[in-house]
Amino acid sequence: NAMFNDLVSNAGLMYKHGKDVGLPSLNGSKKLEFPEIFLHADEFNSLVGDEFVPMVNQSGGAGMKVTAYTQTLQDIDAKFGTTTANPKSMQIVGNFNTLIMMRVQNEETGMLLTSKLPEVPIQEATLVSGANKKVGTGIGGFDDQNQDRIAESKIPLVSPTDCTSLPKGHAFVLKDGNQLYKIRIPWIQDKQDNVDVPKHLLDVCADMNERYQTGEY
């Protein structure tokens, strides 16, 4: 927490005065560029505190990229109290631009993603059939009718149960607040040290394009 407080102090200074504040000039003109800081906070619920509210709020303007990992929303609530009594947990979550959600264990955590998504219209077809006996025709005289009735309704684009039933390595990504993606993270299965890892992301994409199959024909 002491390190986080120091980062918050420096982030606030750079947020107000620029990323090159306090850095010496290079050859008397151009100032040195401050490097980007990528902060990865694993077991976020154990590290989170009051200093995280201004950190996630101001760190982007100071060149810091904060990635936090946690299991459930309740883990953060345990530090600050419930979201109703103390909204700091939701304030912290709301300041992250991108949400990556793998399989979660409860629907309340899944609603962090699904509550930001719209409902989408779907059409349902209902088959209606029937038969009526013709008057005065005796045995075998019937009129029949068959109808397909189309009804439109709205359902959530993604439901919390979709988040609780994701396969291993799959995730939903909500980028920039409203861009939803469904991704699959490749797993390295070879446990030996000489695993052949592609040198560039484009090589990974090319290999996936060659082997990827869909249900569309």
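# Close-up views of a predicted model

**View 1. Helix 1 from end to end, with its covered and open sides.** At 1.5 Å a residue, the 16 residues of helix 1 should span 22 Å, and the 23 Å between its end C-alpha atoms agrees with that. Please keep in mind, here and in the views that follow, that this is a predicted model. Five residues to look for are Phe4, Leu7, Val8, Ala11 and Met14, which are buried in helix 1. They lie on the same side of the helix, because the arc they cover around the axis is only 135 degrees. Strand 3, helix 2, helix 3 and strand 4 are among the elements that cover these buried residues. Turn to the face directed away from the buried side and you meet Ala2 and Lys16, both exposed. Just after the helix comes Gly18, with a positive phi near 105 degrees.

**View 2. The largest nonpolar core.** Which members of this core touch the most others? Among its 31 residues, they are Phe44, Phe52, Met55, Ile92, Leu113 and Cys163. Two or more residues each come from helix 1, strand 3, helix 3 (52-58), strand 4 (64-68), helix 4 (73-80), helix 5 (88-94), helix 6 (107-114) and strand 8. Helix 1 gives the largest share, with five residues. As background, nonpolar side chains in soluble globular proteins tend to be buried together.

**View 3. Ile92 and the residues around it.** Setting aside neighbours within four places in sequence, the contacts of Ile92 are Phe44, Val48, Gly49, Phe52, Val53, Val56 and Phe80. Phe80 belongs to helix 4. Is Phe80 buried or exposed? Its relative accessible area is 11%, so Phe80 counts as buried. Val48 and Phe80 are both on the contact list of Ile92; these two are 32 residues apart in sequence, while their C-alpha atoms are 9.2 Å apart in space.

**View 4. Strand 8 between its two partners.** Strand 8 (residues 170-175) is mostly covered, with five of its six residues buried. Strand 5 (residues 99-101) runs antiparallel to strand 8 and is joined to it by three bridges. For a pair to pick out by eye, take Leu99, whose bridge partner in strand 8 is Leu174. Strand 8 also pairs with strand 9 (residues 179-184), in the antiparallel sense and over six bridges. Here Ala171 stands opposite Ile183 of strand 9. Strands 8 and 9 form a hairpin with three residues between them, and Asp176 in the turn has a positive phi of about 55 degrees.

**View 5. Glu43 in its loop.** Where does Glu43 sit? Look in the loop between strand 3 (37-41) and helix 2 (44-47). Most residues other than glycine have a negative phi. Glu43 is not a glycine, yet its phi is positive, at about 50 degrees. With a relative accessible area of 40%, Glu43 is partly exposed.

**View 6. Two cysteines in their surroundings.** Cys163 has a relative accessible area of 0% and is therefore buried. You have met Cys163 already, as one of the core residues that touch the most other members. Cys205 is partly exposed, its relative accessible area being 36%. How many disulfides does the model contain? With a disulfide taken as a pair of cysteine sulfur atoms within 2.5 Å, the count comes to zero.

Key. Residues numbered from 1 in each chain as written. Predicted model: local features only at pLDDT ≥ 70, side-chain atom pairs only at ≥ 80, totals over all residues. Heavy atoms only, no water. Helix = DSSP H or I, 4+ residues; strand = E, 2+ residues; numbered from the N terminus. Buried < 20%, exposed > 50% of the residue type's maximum accessible area, 1.4 Å probe, protein only. Pairing = 2+ DSSP bridges. Core = buried A, V, L, I, M, F, W, Y, C linked by side-chain atoms within 4.5 Å. Contact = heavy atoms within 4.5 Å. Expected span 1.5 Å × (residues − 1). Arc of directions from axis to C-beta.
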